Amino acid sequence: MSCLVIIPAYNEEENIVRVVENLKNNYPMYDYVVVNDGSSDDTARICRKKGYELLDLPVNLGLAGAFQTGLKYAYRKGYDYAIQFDADGQHRAEYIGPMLEKIEEGYDIVIGSRFVTEKKPHSMRMIGSRLIAVATRLTTGKKVKDPTSGMRMFNKKMIAEFALNLNYGPEPDTISYLLKQGATIAEVQVQMDERIAGESYLNITKSMMYMMRMLMSILFIQNFRKRREVKER
Amino acid sequence: MTLVFRVILIVMSLLTTYYILKRIRQSKLQIEYAIFWILFAGVLIIFSLFPWLVTLFTRIVGMQLPVNFIFMFFIFVLLVKLFLMTIELSALENKVKDLTQELALEEKDRLDEQKEKIRGEELGDDL
């Protein structure tokens, strides 16, 4: 049983050392790989100097492309599970263990969810999360409490499917589509930290565009997709 | 707007949507790129179903015929789309250039290292 922690990093020179050192020192049982997404800062140089496991993309692909690179690596190396782990320190490594336990019960995807036992706050930021949850509920009939959580773990079958297909971004619309297609998804309660350094790239306009894209995708487009199963290696 | 014109717009929109969805089904189009065309088709269908909307906009803009407003709308939206696509194309071309150069430089680095190694071994033999 092997698990790969995939850390997509775009301009995270201030955070990457803290995140990777924590994984290396306190959780040596998990393999990890940093995917540098064509950063314009010193992220790649720092990783190389410190001897971290690094996939260095020469141009910027965006989160979906960077994460898929990590999954392709996991697919080639034959990992059983892979988890998406933020480079900005929002995700806590202590929850990888419980998520692994859950996925070994036979789930395809396990989401590190902030709102399984905790209540979702009524803030502006959570309106988007609520809308996406409602859209997912409408099209799949199933509840996902934290669809926008970026901490997701995939099993071997999903690694292959995500690695080799188009339109498999690590976003709520893919989750909704897979749910509709019969994938099994579980949520595990986790806590997340606020990012310590650097800036989130989401501003108001981008958030609105993102929401529109997600809602259109979940409510309309995903209903017309045909699933292509991929053979595991 | 005449009934025939409205029917033509609706049929055209439905065909566009059908074709776009077919490409997504075949895994040949990214969803990000489909959104624009589906929204575009949606707006045209709304205009065809509720022509009073078009009449209203026509009056606001101060045009004579609703059909002129439709044409202006088409041209404006497509112009903006073309402009954005030019920017995207330029970024894309730049990325392909960077990527190609990176490949060539990496390959040269590798060859240089190999040569160095061979030379090192030859020197070792001479001694």
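The legends below accompany close-up views of a predicted model with chains A and B.

**Figure 1. Overall build of chain A in the predicted model.** Chain A contains 8 helices and 7 strands. Its radius of gyration is 17 Å, close to the 17 Å that the globule rule gives for 233 residues, so chain A is as compact as a globular protein of that length. Along its principal axes the C-alpha trace spans about 50 × 40 × 35 Å, and 41% of the 233 residues count as buried. When contacts between residues at least 6 apart in sequence are considered, 77% of those in chain A join residues at least 24 apart.

**Figure 2. Strand β1 of chain A and its parallel partners, β2 and β4.** The pairing of β1(A) with β2(A) is parallel and extends over 6 bridges, with A:I6 having A:V33 of β2(A) as its bridge partner. Strand β2, residues 31-37 of chain A, has 5 of its 7 residues buried and is therefore largely enclosed by the rest of the structure. With β4(A), β1(A) also pairs in the parallel sense, here over 4 bridges, and A:L4 stands opposite A:A82 of β4(A).

**Figure 3. Strand β4 of chain A, covered on both faces.** In this strand, which comprises residues 81-84, A:Y81 and A:I83 lie on one side and A:A82 and A:Q84 on the other, and all of them are buried. Besides its parallel pairing with β1(A), β4(A) is joined by 2 bridges to strand β6, residues 152-154 of chain A, and these two strands run antiparallel. Within that antiparallel pair, A:I83 stands opposite A:M153 of β6(A).

**Figure 4. The largest nonpolar core and a separate second core.** The largest nonpolar core has 56 residues, of which A:V5, A:I6, A:I7, A:A82, A:I83 and A:I159 touch the most other members. Strand β1 of chain A, residues 3-9, supplies the largest share of this core, with 6 residues. Leaving aside residues up to four places away in sequence, A:I159 touches A:L71, A:A74, A:Y75, A:Y79, A:A82 and A:F154. Apart from this core lies another one of 12 residues, among them B:I20, B:I38, B:A41 and B:I70. In soluble globular proteins, nonpolar side chains tend to be buried together.

**Figure 5. Helices α1 and α2 of chain B and the loop between them.** Helix α1(B), residues 3-25, has 23 residues and reaches 33 Å from its first C-alpha to its last, close to the 33 Å expected at 1.5 Å a residue. In this helix B:S13, B:T17, B:I20 and B:I24 are buried, and what covers the buried residues of α1(B) includes α2 of chain B, residues 31-49. An α-helix has 3.6 residues a turn, so residues three or four places apart point the same way. Helix α2(B) has 19 residues and reaches 26 Å from its first C-alpha to its last, close to the 27 Å expected at 1.5 Å a residue; its buried residues are B:I31, B:A34, B:I38, B:A41, B:L44, B:F47 and B:S48.

**Figure 6. Two residues with positive phi, A:N167 and B:S27.** Most residues other than glycine have a negative phi. A:N167, although not a glycine, has a positive phi of about 65°; this residue is found in the loop between α6 (156-164) and α7 (172-180) of chain A, where A:N167 is buried, with 21 other C-beta atoms within 10 Å. B:S27, likewise not a glycine, has a positive phi of about 60° and lies in the loop between α1 and α2 of chain B. B:S27 is partly exposed, with 15 other C-beta atoms within 10 Å.

**Figure 7. The contact between chains A and B.** In this view, 13 residues of chain A are in contact with 14 residues of chain B. On the side of chain A that touches chain B, the residues divide into 6 nonpolar, 3 polar and 4 charged.

**Figure 8. The surroundings of A:I127 in helix α5 of chain A.** A:I127 belongs to the helix formed by residues 124-140 and is exposed, with 12 other C-beta atoms within 10 Å. Between the C-alpha atoms of A:I127 and A:G51, which are 76 residues apart along the chain, the separation is 41 Å.

Definitions and conventions: Residues numbered from 1 in each chain as written. Chains lettered and ligands numbered in written order. Predicted model: local features only at pLDDT ≥ 70, side-chain atom pairs only at ≥ 80, totals over all residues. Expected span 1.5 Å × (residues − 1). Buried ≥ 20, exposed ≤ 12 C-beta atoms within 10 Å, placed from the backbone. Contact = placed C-beta atoms within 7 Å. Core = buried A, V, L, I, M, F, W, Y, C linked by C-beta atoms within 7 Å. Rg over C-alpha atoms; globule rule 2.2 N^0.38 Å. Nonpolar A, V, L, I, M, F, W, Y, C, P; charged D, E, K, R; others polar. Pairing = 2+ DSSP bridges.
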